[in-house]
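Me: Please give a close account of the charged side chains in this structure, covering both those that pair and those that remain unpaired at the surface.

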Amino acid sequence: MTLLDGSDAPADGEGSVQVALDPKDEIKGAKVFAVYGKGGIGKSTTSSNLSAAFSKLGHRVLQIGCDPKHDSTFTLTKKMMPTVIDVLEEVDFHAEELRTEDFMFEGYNGVMCVEAGGPPAGTGCGGYVVGQTVKLLKQHHLLEDTDVVIFDVLGDVVCGGFAAPLQHADNAIVVAANDFDSIFAMNRIVAAINAKAKNYDVKLAGVVANRSAATDEIDRFADATGMQRLAHFADLDAIRRSRLKKCTLFEMEDSPEVEAAREEYMNLARKLWDGVEHSEATPMKDRDIFEFLGFE
């Protein structure tokens, strides 16, 4: 296998071009989570509320958005922030000219927020963008006082580039709804996590059921493949409205359903902080999952 830096390394997947982690860029000292799932399934909402929950537990949290549309953290910061790639381009990629406040912003309850951004559509590699972001954070010593790092990763793209956060993460979390498309995407993501786990420390923590009244299909798939369900968030209008109001659930008006969702996020944060038993999941072949979930 040839890496994007031109070197050779043991393959952690079937692809011929991948992005390798420079050992100097390893994140040490913090618990690192990478959040994946089908596009539009609510990864950013999950990540931001989970970041808020971790902060409520007294932890120092950094959330890194890994999507070119850079909207991962706006419910925490109340604004669309400039991306790392944008600010690096402004100084001709001389990172030493940047100040911390150029690319990192404090959000709700002290959560620190960074938007990595991405290359222009159809060009470049998302893995390079993630790598440059982590390198910049390390150069500015911003990871040394951090307890929790959450990577919120673009859609269901699990190419060698956008799988790069898995090289940094201790735990991978998949967000899925109780439907065919998101479970199909989750199956592919589990395969990507297993591939990266050959050469890196990342493990599958489990699935967060989101935007779903029931969890029967998610649970059936999880049982069949060896996953665990970590949390369940119903399709609440309050969650939709929180995005429109540019805030987390912790800032919404109290109601029984909002308070229940907040407590579920707090329980998820406690569970992840204490350490979950990792899932040794075995993904299905595409034809098998179609037969497993499909209807006659």
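Reply: The following account treats the salt bridges, then a charged surface patch, and finally one polar contact.

The model is predicted, so that local features need pLDDT of at least 70 and side-chain atom pairs count only at pLDDT 80 or more, while totals for chains, interfaces and linings use all residues. Residues are numbered from 1 along each chain as its sequence is written, and side-chain values use heavy atoms, with hydrogens and water left out.

Side chains of opposite charge can pair when their charged atoms come close. A salt bridge is here a side-chain nitrogen of Lys or Arg within 4 Å of a carboxyl oxygen of Asp or Glu. By this rule there are 14 salt bridges.

One of them joins D219 to R229, with the closest N and O atoms 2.8 Å apart. This pair links distant parts of the chain, since D219 belongs to helix α7 (residues 216-225) and R229 to strand β10 (residues 229-233), ten residues apart. Helices (H or I, at least four residues) and strands (E, at least two) are DSSP runs, numbered from the N terminus. R229 is partly exposed because its relative accessible area is 36%; buried means under 20%, exposed over 50%, and partly exposed in between (1.4 Å probe, protein chains only).

D254 and R262 meet in a salt bridge with an N to O distance of 2.7 Å. D254 is exposed because its relative accessible area is 56%, whereas R262, at 13%, counts as buried.

In the pair of E101 and R99, the closest N and O atoms of the salt bridge are 3.7 Å apart. E101 has a relative accessible area of 47% and is therefore partly exposed; R99, at 49%, is also partly exposed. Elsewhere, D67, K69, D71 and R243 are linked in a network of salt bridges.

A negative surface patch is formed by D86, E89, E90, D92, E96 and E97. Patches are made of residues with over 30% relative accessible area and no salt bridge, like charges being joined within 9 Å and nonpolar side chains (Val, Leu, Ile, Met, Phe, Trp, Tyr) within 5 Å. Within this patch, E89 lies in helix α3 (residues 84-90), and E89 counts as exposed because its relative accessibility is 53%.

The last contact concerns S48, which is found in helix α1 (residues 43-56). S48 counts as buried because its relative accessibility is 1%. The side chain of S48 makes a polar contact with that of T75 at 3.4 Å; such a contact is a pair of N or O atoms within 3.5 Å, where within protein one must be able to donate a hydrogen and the other to accept it, and residues adjacent in sequence count only if both atoms are side-chain atoms.

Notes
Accessible areas come from the Shrake-Rupley method with a 1.4 Å probe; for residues, only the protein chains shown count as cover. Lys and Arg count as positive and Asp and Glu as negative; His and the chain ends are not counted. The place of a charge is taken as NZ of Lys, CZ of Arg, CG of Asp or CD of Glu.
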